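Colleague: Please take a close look at one part of this model, the residue that sits among the core contacts, and then relate that part to the rest of the chain.

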Amino acid sequence: MTDKPIARLAVIGLGMATKPHLDALAELRGRVTVSGVYNRNRAKAEAVEQVFGFPVFDSLDAIAADPNTDGVIIATPPNQRAEIVSKMAAAGKHVLMEKPIERTLKAAQNIVAECEAQGVLLGIVFQHRFRKAALRLRTLIDEGALGELALIRAEIPWWRDQEYYDVPGRGTLARDGGGVLISQAIHVLDLMLSLTGPAKSVQAFTATTRMHQMETEDFAVGGIQFASGAVGSAVATTATYPGEEERLVLDGTLGTAVLKGGHLAVTWRDGRSETVGDVSGTGGGADPMAFPCDWHRDLIEDFATAIRDKRPPRISGREALRVHALIDALIRSGASGTTTEVGEY
């Protein structure tokens with residue numbers, strides 16, 4: 001423990017996605033101070049206060065004006081982000097935000113540009129990058145241990161029941177900006193791009209299966225040409241009952257890495273092998289929150305440390321635009337049926 005907290009953060013939005021944040025902040029008590037929580041439904045905020053002891057803010061304006069708040073964690077639905085970010089950035093509050101940044105690539109770019117113009121940090125919650133197995137795979141890639149990447153396969157066979165999509169606005173363009181790609185697969189696609197580098201073009205197909213009544217896609221598949229020259233594919237769905245762990249396979253010229261949930265298995269062509277991590281929930285089944293808070297804890301601590309040290313967080317808003325550009329291309333390709341270039345971001 002330190003005598004002085006690394007940073008003081010407020011939490012805005014107390015929906016389903018906030019659970020691992022609150023649990024992580026409880027574990028970080030003494031290192032990261034929660035200056036308060038805010039929700040439009042005050043009863044939710046008071047319930048959190050009862051469980052965790054975190055104070056309650058009466059309004060967004062109160063957070064923006066609070067001298068004891070260094071930054072905010074925003075966990076509202078995507079359609080509520082822009083106004084909140086503008087208010088907090090103008091007040092000099094650093095922003096850590098749940099994925100996605102916004103509903104469209106253009107809107108996401110606007111938020112990133114606004115935070116940069118105001119001189120505040122913008123971090124995005126892509127907690128899969130903080131898993132022990134993912135960190136080990138990152139090291140292997142950096143060391144060139146797999147050789148040159150040739151083939152990449154991302155598989156997200158998740159499940160959501162109809163009740164999940166019956167929540168008003170969920171799976172709509174107006175609130176979420178899309179379906180499985182921007183709400184679920186975005187985590188694995190971001191992790192993939194952090195390891196492979198950017199995608200150059202895609203050829204995709206998207207659909208809504210008979211499993212769900214919803215506005216947007218619950219199935220997407222795409223071939224991907226990477227800027228490095230590697231090729232690959234991604235398939236994502238929330239229509240696979242009861243849901244399986246996501247899988248990312250990197251085939252290199254020296255060996256193959258298979259990252260399944262929190263477990264990494266590497267097999268080299270010279271006969272060596274390595275395993276890292278363990279099997280743990282990832283939110284792929286009926287309960288989207290069925291995973292530990294460890295990854296959120298480490299991500300939040302990194303963001304708080306970034307505020308203290310005046311450095312970019314490990315996953316910045318600018319970097320997160322890369323996966324937004326890929327998803328935008330997949331959606332456009334699925335609609336047109338043609339090979340589509342991944343746009344600038």
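Modeller: Leaving aside residues up to four places away in sequence, Met-192 touches Ile-152, Ala-154, Ile-224, Phe-226, Leu-248 and Leu-326. The model is a predicted one, and what follows should be read as a description of that prediction. Met-192 and Leu-189 are the residues that touch the most other members of the largest nonpolar core, which holds 105 residues. Helix H8, residues 180–196, gives this core its largest share, eleven residues. One of the partners of Met-192, Leu-248, has a number that falls in strand E10 (247–252). Another, Leu-326, falls by number in helix H10 (317–336).

Strand E10 leads to a cis peptide bond. The loop between strand E9 (231–237) and strand E10 holds Pro-242, and the bond that joins Tyr-241 to Pro-242 is cis, with omega near 0 degrees. A cis bond is also found between Lys-99 and Pro-100, where omega is about -15 degrees. Pro-100 belongs to the loop that runs between strand E4 (94–98) and helix H5 (105–118). Most peptide bonds are trans, and most residues other than glycine have a negative phi.

Helix H10 leads to two further places. Before helix H10 comes the loop that starts after helix H9 (294–309), and Lys-310 is located in that loop. The phi of Lys-310 is positive, near 55 degrees, and the residue is not a glycine. Lys-310 counts as exposed because its relative accessibility is 74%, and the cut-off for exposed is over 50%. In space, the C-alpha of Lys-310 is 8.7 Å from that of Leu-121, although 189 residues separate the two in sequence. Ser-336 is also part of helix H10. Its relative accessible area is 44%, so Ser-336 is partly exposed. Between the C-alpha atoms of Ser-336 and Gln-203 there are 9.6 Å, for a separation of 133 residues along the chain.

A glycine in a loop makes a further case. Gly-15 is placed between strand E1 (7–12) and helix H1 (19–27). With a relative accessible area of 36%, Gly-15 is therefore partly exposed. Its C-alpha is 8.7 Å from that of Asn-39, which is 24 residues away in sequence.

As for the whole chain, the secondary structure amounts to ten helices and 14 strands. Buried residues account for 55% of the 345 in the chain. Among contacts with a separation of 6 or more, 69% are between residues 24 or more positions apart. The radius of gyration is 20 Å, which agrees with the value near 20 Å for a compact globule because the chain has 345 residues. The C-alpha trace spans about 55 × 45 × 40 Å along its principal axes.

At the surface, the chain exposes about 14400 Å², and 51% of this area is supplied by carbon and sulfur atoms. The chain carries 37 positive and 43 negative charges, and the mean positions of the two sets are 2 Å apart.

Definitions and conventions: Residues are numbered from 1 along each chain as its sequence is written. This is a predicted model: local features need pLDDT of at least 70, side-chain atom pairs count only at pLDDT 80 or more; totals for chains, interfaces and linings use all residues. Side-chain values use heavy atoms; hydrogens and water are left out. Helices (H or I, at least four residues) and strands (E, at least two) are DSSP runs, numbered from the N terminus. Buried means under 20% relative accessible area, exposed over 50%, partly exposed in between (1.4 Å probe, protein chains only). The radius of gyration is taken over C-alpha atoms; the globule rule is 2.2 Å times the number of residues to the power 0.38. Contact means heavy atoms within 4.5 Å. Accessible areas come from the Shrake-Rupley method with a 1.4 Å probe; for residues, only the protein chains shown count as cover. Lys and Arg count as positive and Asp and Glu as negative; His and the chain ends are not counted. The place of a charge is taken as NZ of Lys, CZ of Arg, CG of Asp or CD of Glu. A nonpolar core is a set of buried Ala, Val, Leu, Ile, Met, Phe, Trp, Tyr and Cys residues joined through side-chain atoms within 4.5 Å.
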